[in-house]
Amino acid sequence: MNLTKIIRPYFIRRIRQINAAASDTEATQRGQLQDLIHEARDTVWGRDHGYGSISNYNDFRQRVDITPYEQIRPMVMRMIAGEPDILWPGHTRRYAQSSGTSDGKSKYIPVTQASLQRNHYRGGADVVAHYLRLYPDSRIFDGRSFILGGSFANELNLPAGSHAKVGDLSANLIEAINPLANMVRIPSKRIALMSDWHEKLPALIKAAAKANVTNISGVPSWFLTVLRGMLDYTGATQIHEIWPNLEVFFHGGISFLPYRDQYDAIIDPTQMRYLETYNASEGFFAVQDTIGDHAMALQIDGGVFYEFIPLSQPSAQPVPAWEVQKGEIYAMVITSCNGLWRYPLGDTVRIESTNPLRITIAGRTKHFINAFGEEVMVHNTDAALANACARCGCKVLNYTAAPVYTSEGNRGHHQWLIEFATPPADMPAFEAILDEMLTRENSDYQAKRNGDIFLARLTVTTARPGLFDDWLESTGKLGGQRKVPRLSNDRKLIESMLALNGNR
């Protein structure tokens with residue numbers, strides 16, 4: 001029996017809804033905003049901001065300021081303690097622990113029932129819908145989904161009797177999922193929610209070794225570790241020897257570009273497809289909806305209202321989704337059914353098309369290097385590194401970069417710390433090529449490098465095997481959804497990594 005053929009029409013119906021919403025971004029987004037305001041009018045936040053008398057977008061942006069997490073932390077803590085009707089109606093029992101803010105503390109993002117149903121789970125279903133539309137020959141439901149998730153480990157001392165669940169977003173999604181979904185996914189909840197990665201990894205591998213896996217989902221760097229563990233455990237030389245029906249990897253969290261060659265080396269590329277998603281603790285925002293183009297369609301009918309701040313004018317007023325310009329890079333601001341109101345995500349996106357609205361992730365607003373006026377962003381370094389590796393025949397597991405400031409007898413430059421799966425045969429040549437590739441990707445970096453006068457060529461420090469995992473573990477962030485910051489505009493992070501690496 002071809003179960004996928006039976007189930008497929010249900011998902012294709014959703015495609016018609018997506019297309020209808022995308023045909024009029026302004027009407028769809030205005031409708032989303034009005035629904036959100038109406039639902040929250042009787043919350044503490046809604047009453048404080050006069051939601052009962054807001055009738056349009058202009059009213060909304062005049063009443064509500066851009067609101068970073070630090071400003072709502074006290075209200076979120078009241079919600080965790082059990083108070084209802086604070087940022088969103090009713091009690092909110094679930095929270096996604098995310099990386100720290102400017103005050104150094106972790107964020108606890110509310111995961112409301114509305115956000116689960118209208119955003120996170122709908123986003124997951126939309127991924128499958130787009131995939132089935134793009135690949136009518138799929139047999140994805142005739143086997144299991146291998147979903148790599150996190151746990152409920154957290155940094156809070158929850159009071160006795162607390163009903164709050166605090167942990168990775170993926171842990172909340174796995175625990176709250178419809179029980180029917182567990183019939184088509186692995187591993188079991190017990191294994192999926194393990195907090196100790198050292199115990200979890202072998203348990204994941206053992207659980208998946210004999211399953212009929214047709215699709216995998218997770219962060220590329222972490223799933224690569226799992227797949228290599230699968231090969232070691234089974235003695236296979238290629239993943240399709242273990243899972244002959246594997247057909248797609250739904251990936252997100254970090255750029256897949258630096259990892260593509262490593263996946264192709266252990267997975268039969270003629271049998272494998274890849275689809276990118278944009279799924280964060282704060283919400284599910286976009287999914288790749290075309291073959292061969294990494295642009296992602298923004299989920300404009302999923303309980304989120306979007307605004308965009310031009311990166312070239314960080315003090316400018318945000319513009320709504322229907323006013324963005326193709327080719328421009330913006331910092332994203334969301335208003336969502338999880339109780340975040342005009343909340344800056346910290347992500348930057350490039351507008352690839354406006355009708356329909358498609359984006360690519362440019363990087364993080366805080367993850368860049370601009371110590372010398374070069375304005376290097378993550379999408380620049382990801383592309384430069386992928387091209388340099390292709391030229392030099394090397395492969396990278398993880399990397400980070402930071403500036404080395406100008407000092408007496410030392411010109412400023414960028415220092416890269418790279419953990420190689422396959423190191424380059426000639427490191428000085430690799431450094432020169434990587435530098436060349438970065439000048440091609442970023443005109444400001446090229447200008448500062450011109451004549452080798454103002455900015456010296458970048459340098460590469462080789463990270464010992466396992467360095468980045470050790471660093472993540474030292475910060476309490478080892479796990480399937482954790483990511484190494486790619487770029488920093490100061491040396492705080494890289495110095496802590498260099499110390500672990502044995503560099504003085």
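This passage describes strands, selected residues, salt bridges and a surface patch in a predicted model.

The model is predicted, with local features requiring pLDDT of at least 70 and side-chain atom pairs counted only at pLDDT 80 or more, while totals for chains, interfaces and linings use all residues. Residues are numbered from 1 along each chain as its sequence is written, and side-chain values use heavy atoms, with hydrogens and water left out.

Helices (H or I, at least four residues) and strands (E, at least two) are DSSP runs numbered from the N terminus. Two strands are taken to pair if DSSP finds at least two bridges between them. Strands of a sheet pair through backbone hydrogen bonds, either parallel or antiparallel. An open sheet of 12 strands was found, with mixed pairing and the order β5-β3-β6-β7-β8-β9-β10-β15-β14-β13-β11-β12. Its edge strands, β5 (185–186) and β12 (319–320), each pair on one side only. Within this order, β6 (residues 213–218) is followed by β7 (residues 248–251). These two strands, β6 and β7, are joined in the parallel sense by four bridges, and N215 stands opposite V248 in β7.

Strand β1 covers residues 94–98. Residues are classed by relative accessible area as buried (under 20%), exposed (over 50%) or partly exposed (in between), using a 1.4 Å probe and protein chains only. Five of the five residues of β1 are buried, so the strand is largely enclosed by the rest of the structure. R94, A96 and S98 point one way from β1, whereas Y95 and Q97 point the other way. Strand β1 pairs with two strands described here: with β4 (residues 165–167) it runs parallel over three bridges, and with β2 (residues 107–111) it runs antiparallel over five bridges. In the pairing with β4, Y95 is opposite V166. In the pairing with β2, the bridge partner of R94 is V111.

Two buried residues illustrate the surroundings of a strand and a helix. F146 lies in strand β3 (residues 144–147) and has a relative accessibility of 0%, which places F146 in the buried class. Contact means heavy atoms within 4.5 Å. Apart from neighbours within four places in sequence, F146 is in contact with I186, P187, L204, A208, V213, N215, I216, S217, F223, V226 and W243. For one of these residues, S217, the C-alpha atom is separated from that of F146 by 6.4 Å, although the two residues are 71 residues apart along the chain.

T381 is located in helix α13 (residues 378–392) and is buried at 1% relative accessibility. Its contacts, not counting residues up to four places away in sequence, are V376, Y399, W416, L438 and L487. The side chain of T381 also reaches the backbone oxygen of V378 at 3.0 Å.

A salt bridge is defined as a side-chain nitrogen of Lys or Arg within 4 Å of a carboxyl oxygen of Asp or Glu. By this rule, the count of salt bridges is 21. One of them joins the side chains of R139 and D142 at 3.3 Å, N to O. R139 is partly exposed at 38% relative accessibility, and D142 is partly exposed at 21%. Another salt bridge, between the side chains of E307 and R342, has an N to O distance of 2.8 Å. This pair links distant parts of the chain, with E307 in strand β11 (residues 304–310) and R342 in the loop between β13 (329–336) and β14 (343–354), 35 residues apart. Both E307 and R342 are buried.

A further salt bridge is formed by E436 and R391, whose closest N and O atoms are 3.8 Å apart. E436 lies in helix α14 (residues 427–441) and R391 in helix α13, so the pair ties together parts that are 45 residues apart in sequence. E436 is partly exposed, with a relative accessible area of 27%, and R391 is partly exposed at 48%. In addition, R14, D126 and D301 are linked in a network of salt bridges.

M1, L3 and I6 make a nonpolar surface patch of about 360 Å². Patches consist of residues with over 30% relative accessible area and no salt bridge, where like charges are joined within 9 Å and nonpolar side chains (Val, Leu, Ile, Met, Phe, Trp, Tyr) within 5 Å. Accessible areas come from the Shrake-Rupley method with a 1.4 Å probe, and for residues only the protein chains shown count as cover. L3 is placed in helix α1 (residues 3–22) and is partly exposed, with a relative accessible area of 37%.

Methods. A polar contact is a pair of N or O atoms within 3.5 Å; within protein, one must be able to donate a hydrogen and the other to accept it, and residues adjacent in sequence count only if both atoms are side-chain atoms.
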